[in-house]
Amino acid sequence: MAALDIELYGPQYDFVADDQNHYLGFIAGIGSGKTIAGSCRALGASQGVIGSQRIRTPNLGIVTAPTYSMLRDATIRAFLDIAGDFISDYNKSEMRITMRNQSEILFRSTDNVEHLRGPSISWWYGDEAALYLPLVWQIMLGRLRQYGAHGWAWITTTPKGRNWIWQKFVQAARKGYKLYKAATQHNPFLDAEFVAGLVEEYVGDFAAQELAGEFVAFEGLIYPEFERSLHVSSTRPKDFADVVAGVD
């Protein structure tokens, strides 16, 4: 079968090609091609390719979205558009795709977390992961053990404040975790007039989150200037005789 030629821009390409980190995040603004990037990586994994590394095939992977409607309307559509002739069968009732090399991909919603338990898989792609419960990440990492190998996991999403993704990929980032970021304006395949309209319409923290893909606290918070690194301490400040605490 002929190789697939898909044009990717900078951060997309770097994310898809990463074969050094087992846990990746592509955190970006709306329309930045997050699901395309995640699906490209999923297609490669199903064919036994992670960057320049080879993984065993046929393998089993899982692709998730927050709800079945999001899975059906966006995530699966993106994968089908990219995978094309690499697909042998698409069983809609079972939400399962079989590739021509006999690798299988299960498409699942995360709205019932416990239903994700069970299969041993080689890889997992979580789309719009900022809408997941933190437990989804923990359960899915426990599935990455097919053939006894250390599997691969990646998520794509527009951020929703400093939630569990920020905590794992920024606050407590460690070896094996890598975060890629992109803004809506970085996507050269978007119509310039469309992007300009969004830039004019979106303001403040909403623009920073939805367009720039930044982890922000939304406008309207009582203390919008709050910064955990600045305002949270595990030790008593030496410069103060007394420390007063309060809870709202």
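In the predicted model, 8 strands make up an open sheet with mixed pairing, arranged in the order β5-β6-β7-β4-β8-β9-β1-β10. Its edges are formed by β5 (87-91) and β10 (177-182), each of which pairs on one side only. With direction ignored, neighbouring strands of the sheet are turned by 15° against each other on average. Strands β4 (residues 60-65) and β7 (residues 104-109) run parallel and are joined by 6 bridges. Within this pairing, G61 has I105 of β7 as its bridge partner.

Two helices can be placed against these strands. Helix α2, spanning residues 34-46, lies across β1 (23-28), β6 (96-99), β7, β8 (123-127) and β9 (152-157). The direction of α2 is at about 160° to that of β9. Helix α3, spanning residues 68-83, lies across β4, β5, β6, β7 and β8. In this case the angle is given relative to β7, to which α3 runs at about 155°. Strands β6, β7 and β8 are thus among those crossed by α2, and they are also among those crossed by α3.

The surroundings of α3 can be followed at one residue, T75, which is found in that helix. T75 counts as buried because its relative accessibility is 2%, and the cut-off for buried is under 20%. Leaving aside residues up to four places away in sequence, T75 touches T35, S39, V63, A65, M70, Y125 and D127. Among these contacts, V63 and A65 fall within the residue range of β4 (60-65). Y125 and D127 fall within that of β8 (123-127). T35 and S39 lie in the range of helix α2 (residues 34-46).

At the level of the whole chain, 8 helices and 10 strands are present. The chain has 248 residues, of which 45% count as buried. Among contacts between residues at least 6 apart in sequence, 69% join residues at least 24 apart. The exposed area of the chain is about 13400 Å², with carbon and sulfur atoms supplying 52% of it.

Charged side chains were examined next. Side chains of opposite charge can pair when their charged atoms come close. The structure holds 6 salt bridges. One of them links R117 to E114, with the closest N and O atoms 2.5 Å apart. Both partners count as partly exposed, R117 at 44% relative accessibility and E114 at 43%. Elsewhere, salt bridges that share partners join E94, R96 and E104 into one network. Within this network, the side chains of R96 and E104 meet at an N to O distance of 3.5 Å. R96 is buried, with a relative accessible area of 17%, whereas E104 counts as partly exposed at 30% relative accessibility. The R96 value falls under the 20% cut-off, so R96 is classed as buried. With respect to the sheet, R96 is in the range given for β6 (96-99), and E104 is in that given for β7 (residues 104-109). A further salt bridge, between D73 and R72, has an N to O distance of 2.8 Å. D73 is partly exposed, with a relative accessible area of 43%. Residues 72 and 73 lie within the span of helix α3 (residues 68-83).

Notes:
Residues are numbered from 1 along each chain as its sequence is written. This is a predicted model: local features need pLDDT of at least 70, side-chain atom pairs count only at pLDDT 80 or more; totals for chains, interfaces and linings use all residues. Side-chain values use heavy atoms; hydrogens and water are left out. A salt bridge is a side-chain nitrogen of Lys or Arg within 4 Å of a carboxyl oxygen of Asp or Glu. Buried means under 20% relative accessible area, exposed over 50%, partly exposed in between (1.4 Å probe, protein chains only). Two strands pair if DSSP finds at least two bridges between them. Helices (H or I, at least four residues) and strands (E, at least two) are DSSP runs, numbered from the N terminus. Axes are lines fitted to C-alpha atoms, for helices over the stretch in contact, and angles run from 0 to 180 degrees between N-to-C directions. Contact means heavy atoms within 4.5 Å. Accessible areas come from the Shrake-Rupley method with a 1.4 Å probe; for residues, only the protein chains shown count as cover.
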